[in-house]
Amino acid sequence: MKAIKPMIILFIAVAFVIIMIPAVLVLPFSNDKTSGELAEQLEKKVKKEGKEVSANEMNSVEVAVYRSNAKKIEKVPMETYLTGVVASEMPADFEEEALKAQALTARTYIVNQLIGERRSGLPDGADVSDTVMHQVYKNDDELKNQWGSEYKSKMKKISKAIKETEGQILTYDGKPITATFFSTSNGYTENSEDYWQADFPYLRSVSSPWDKEESPKFYNKVVVNTADFENKLGVSLSSGTTIGTVVERTSGNRVGVVEIGGKKLTGKQIREKLGLTSSDFNWERQGNRIVITTKGSGHGVGMSQYGANGMAREGKSYEDIVKYYYKGVKVQSSNKWVNTMTAKK
């Protein structure tokens with residue numbers, strides 16, 4: 001028994017040391033106030049039918065915007081540029097899903113522009129203009145002046161649409177599409193070849209019934225005096241009751257071709273020469289004036305903005321919207337083209 005006691009005492013001493021040493025190390029710090037901690041802010045990533053693209057990668061790409069009024073080039077990060085485009089191209093009070101659809105089309109447009117070689121009509125060093133020639137763009141100061149007291153709420157909504165579609169673009173056969181859009185349809189969109197020469201398989205005519213109720217631009221009326229009408233179209237009107245004849249209509253029910261004063265003019269030509277809002281038009285003579293009524297606003301090819309808003313009101317998502325107006329497209333990560341865009345800078 002006497003030989004066992006020293007062993008018991010040694011065991012108890014060792015156990016005491018093992019238990020107490022961690023406590024001794026921790027206790028001196030236990031009453032200190034916390035002044036910092038290990039934070040976690042994982043970089044958000046987006047994945048859409050392709051490789052992941054980080055939230056910051058698109059902002060590594062700069063867009064050189066030619067500011068047409070100031071006649072200078074303004075370089076801005078990609079997502080900042082998109083905020084200025086969406087805010088300028090679509091009313092901020094539209095539904096969130098419609099704004100997201102607009103963000104997706106705007107991003108697709110600029111990616112397509114940056115990876116391509118088309119810079120015609122632009123000064124050296126510019127990628128796009130800030131006009132309808134490309135996409136309308138306004139910077140932050142301009143939007144503050146435009147929106148006034150509503151700036152914060154509207155910018156928050158626009159920024160959310162950009163953020164929630166970050167890094168995403170529309171593709172067809174693995175390539176970014178020509179993502180055209182316009183304000184208001186006449187009830188249908190156009191096949192691309194009915195307005196332009198290019199035939200794109202994803203720019204097909206579809207019904208767009210929402211526009212009539214949604215858009216204040218669905219109907220428009222202009223009055224042109226007869227002399228101006230003749231001069232602008234390069235025709236001479238007869239004294240008969242008929243002023244031209246529509247001999248062809250497009251898939252989107254717009255005017256295809258008109259025979260007038262011995263000439264044949266396309267609906268697009270007449271729209272541009274007379275400055276009409278749409279190529280779906282009708283007219284009548286009243287004395288020495290021609291009264292022209294139009295349906296819709298814009299070229300009619302691609303996504304109708306007011307149609308998109310109508311779909312969003314019905315609960316459709318932004319993916320539903322873009323896949324309705326652009327046939328056979330996919331929503332993909334833009335990661336594949338980031339290096340290409342960066343290399344061209």
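Helices here are DSSP runs of H or I with at least four residues, strands are runs of E with at least two, and both are numbered from the N terminus. With that in hand, N253 can be placed in the loop between β10 (245-249) and β11 (255-260). N253 has a positive phi of about 65° although it is not a glycine.

Some ground rules before going on. This is a predicted model, where local features need pLDDT of at least 70, side-chain atom pairs count only at pLDDT 80 or more, and totals for chains, interfaces and linings use all residues. Residues are numbered from 1 along each chain as its sequence is written, and side-chain values use heavy atoms, with hydrogens and water left out.

**The chain as a whole**

The protein chain has twelve helices and 16 strands. Of its 345 residues, 45% are buried; that means under 20% relative accessible area, while exposed means over 50% and partly exposed is in between (1.4 Å probe, protein chains only). The accessible surface is about 18800 Å², and carbon and sulfur atoms own 52% of that. Those areas come from the Shrake-Rupley method with a 1.4 Å probe, and for residues only the protein chains shown count as cover. As for contacts (heavy atoms within 4.5 Å), take those with a separation of 6 or more: 67% are between residues 24 or more positions apart.

**The largest pocket**

A pocket is found on a 1 Å grid over the protein atoms alone, as an open set of points where a 1.4 Å probe fits, with protein on both sides within 12 Å along at least five of seven lines. Grid points are joined across faces, edges and corners, and the volume is the space filled by probe spheres set on the points. The largest pocket comes to about 980 Å³. Its lining (residues with an atom within 4 Å of a point) has 29 residues, and V132, M133, H134, F181 and H299 lie nearest the centre.

Which elements each supply at least two residues of that lining? They are α3 (96-115), β8 (181-182) and α10 (305-313). The largest share is three residues, from α3. By class, the lining has twelve nonpolar, twelve polar and five charged residues. Nonpolar covers Ala, Val, Leu, Ile, Met, Phe, Trp, Tyr, Cys and Pro; charged covers Asp, Glu, Lys and Arg; the others, Gly among them, are polar.

**A helix under cover**

Helix α10 is largely enclosed by the rest of the structure, because eight of its nine residues are buried. The buried ones are Q305, Y306, G307, A308, N309, G310, M311 and A312. Their cover includes α2, α3, β8, α7 (211-214), β15 (303-304) and α11.

**Salt bridges**

Side chains of opposite charge can pair when their charged atoms come close. Here a salt bridge is a side-chain nitrogen of Lys or Arg within 4 Å of a carboxyl oxygen of Asp or Glu, and the count comes to 18. Three of them are set out below.

| Pair | N to O distance |
|---|---|
| E79 and R107 | 3.1 Å |
| E164 and K100 | 2.7 Å |
| K323 and E319 | 3.6 Å |

The E79 and R107 pair links distant parts of the chain, with E79 in helix α2 (residues 78-89) and R107 in helix α3, 28 residues apart. Are E79 and R107 buried or exposed? Both are buried.

E164 sits in the loop between α5 (151-163) and β6 (168-172) and K100 in helix α3, so their salt bridge ties together parts that are 64 residues apart in sequence. E164 is partly exposed, with a relative accessible area of 33%, while K100 counts as buried at 9%.

K323 and E319 are four residues apart in helix α11 (residues 318-325), which puts about one helical turn between them. K323 is partly exposed at 35% relative accessibility.

There is also a network of salt bridges, linking R67, E74, D130 and E142.

**Loops and a strand end**

Back to positive phi: D173, also not a glycine, has a phi near 55°. D173 lies in the loop between β6 and β7 (175-176). At 70% relative accessibility D173 is exposed, whereas N253 is partly exposed at 37%.

Finally, N225 lies in strand β9 (residues 219-225) and is partly exposed, at 34% relative accessibility. Leaving out residues up to four places away in sequence, N225 touches N288 and R289. From N225 to Q286 is 61 residues in sequence, and 9.4 Å in space, C-alpha to C-alpha.
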